[in-house]
Amino acid sequence: MAQQIYTPIVKGKMYDLKALNKLSPLAKTRIKPLVEAMPKPAEVSLDEHLEKLVHYLVKYYPKGDLFVDFYGLLPDEKTTQGISGVIAGCRLMMAKGRAVTPCYGFSRDDSIWQEMSKVVTDLGRGFCFRIDVDDLDDAAQDTWAQIIERSAELGLDAPQIDLVIDLRDVRDVEKTHLQDLCLDFLATNPSWPKYRSISVVGSSALKSVGKIPVDGFDDIERNELHVWALLQFELGPTKKLVFGDYGVVHPDFSDAVNNKNKNSKIRYTSGSKIRYFRGHRLADPPGFKHYHVLAERVRSSDLYRGRDFSFGDQYIDDCADLNSGSGNLPTWVLADMNHHLEYSAAQIARLNTQILAVENVEAAEELVSAD
């Protein structure tokens, strides 16, 4: 099992998973994504919802190491057979032959841990604890106690366990505050380097482009990247942290928004920023055809890396040349996410080496901002 350097949290949706599958072979060796189940729509049963997610995983990301977290399910959601959705989902993946590392957090349904122990043993891929930002700070000591207690119940030692520290939306949070939260949490258990991996995940992605001018653009600073770099510089070469983000999707993304109120947009990652190219409201003429114009704006910008860089860049090039259709919202999630994941995997591979060679925080920050 390869050691990842990048753990993006990816929604368990068809086109998000396609974005993973269309990564280059080299990028795939560098990542271990965390696939997050979406909330169950009211009109379908939990059994149908789980079947759909597992079908997507098997069909659109059939190979590669990954975490799966049934995060979107309500704590007490059960199948028609009265089985916890989390346990049923893990069992279904085993039945379909898709080996994964199960991931679970605290403040959820504590009644599943005994059954989870059997699932973890059967899967044989270890376990991942997802640690929420509320599990840090004053709760750090209790969180570590729970990690140690639950690990014993699962019959696993630290080298078989991954930790994902999920800071969620970090766009408006002071970087040094987040850095201190993470450092204090790690310092609470000096044995933390023994764990198989520890990822620090956050997101600066916008939930809405409403504040970006129509036909304009804005650059959003990737604060999560700065937080990771500051932490890695502080900890030094012997204590590695995995970088993680939500790609170009906001942590609280929902399918519930009416498409007619959405805007055409392309999100393009470069350096320490995500540039949002905003178009028009999709309900207004020319509707989705405006993506041809947006794609040309991206291709003509100083950020564009050429069609050979990623599947997403190829899609932008083809759309700008009218060699493909204008696409729809899911296909542009595929393109935007694929470019971001490809770019970030290479970026972290570079930064992992370069950060160790600098002598001060300012130099580390400059490396992060470099293209």
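**Helix α4 and its surroundings, the α10–α11 pair, and V358**

The buried residues of helix α4 pack against α3 (46–60), β3 (67–69), β4 (101–105) and α5 (113–123). The model is a predicted one, and three topics are taken up below: the enclosure of α4, the packing of α10 with α11, and the setting of V358.

**Helix α4**
- Because 8 of the 11 residues of helix α4 (residues 85–95) are buried, this helix is largely enclosed by the rest of the structure.
- The buried residues in question are G85, V86, I87, A88, G89, C90, L92 and M93.
- Just after α4 comes G97, whose phi is positive, at about 80 degrees.

**Helices α10 and α11**
- Helix α10 (residues 311–320) packs with helix α11 (residues 329–354) at an angle of about 130 degrees, and their axes lie 6 Å apart.
- Angles that fall outside the roughly parallel, antiparallel and perpendicular ranges count as oblique, which means that α10 is oblique to α11.
- On the α10 side the contact is made by F311, G312, D313, Y315, I316 and C319, which meet T331, W332, L334, A335, N338 and H339 of α11.
- By character, the residues of the contact of α10 with α11 divide into 7 nonpolar, 4 polar and 1 charged.

**V358**
- V358 is placed in the loop between α11 and α12 (361–369).
- Not counting residues up to four places away in sequence, V358 touches F233, A363, A364 and L367.
- The C-alpha atom of V358 is separated by 23 Å from that of I198, and the two residues are 160 residues apart along the chain.

Technical notes: Residues numbered from 1 in each chain as written. Predicted model: local features only at pLDDT ≥ 70, side-chain atom pairs only at ≥ 80, totals over all residues. Heavy atoms only, no water. Axes fitted to C-alpha atoms, helices over the stretch in contact; angles between N-to-C directions. Helix = DSSP H or I, 4+ residues; strand = E, 2+ residues; numbered from the N terminus. Parallel < 35°, antiparallel > 145°, perpendicular 65-115°, else oblique. Contact = heavy atoms within 4.5 Å. Nonpolar A, V, L, I, M, F, W, Y, C, P; charged D, E, K, R; others polar. Buried < 20%, exposed > 50% of the residue type's maximum accessible area, 1.4 Å probe, protein only.
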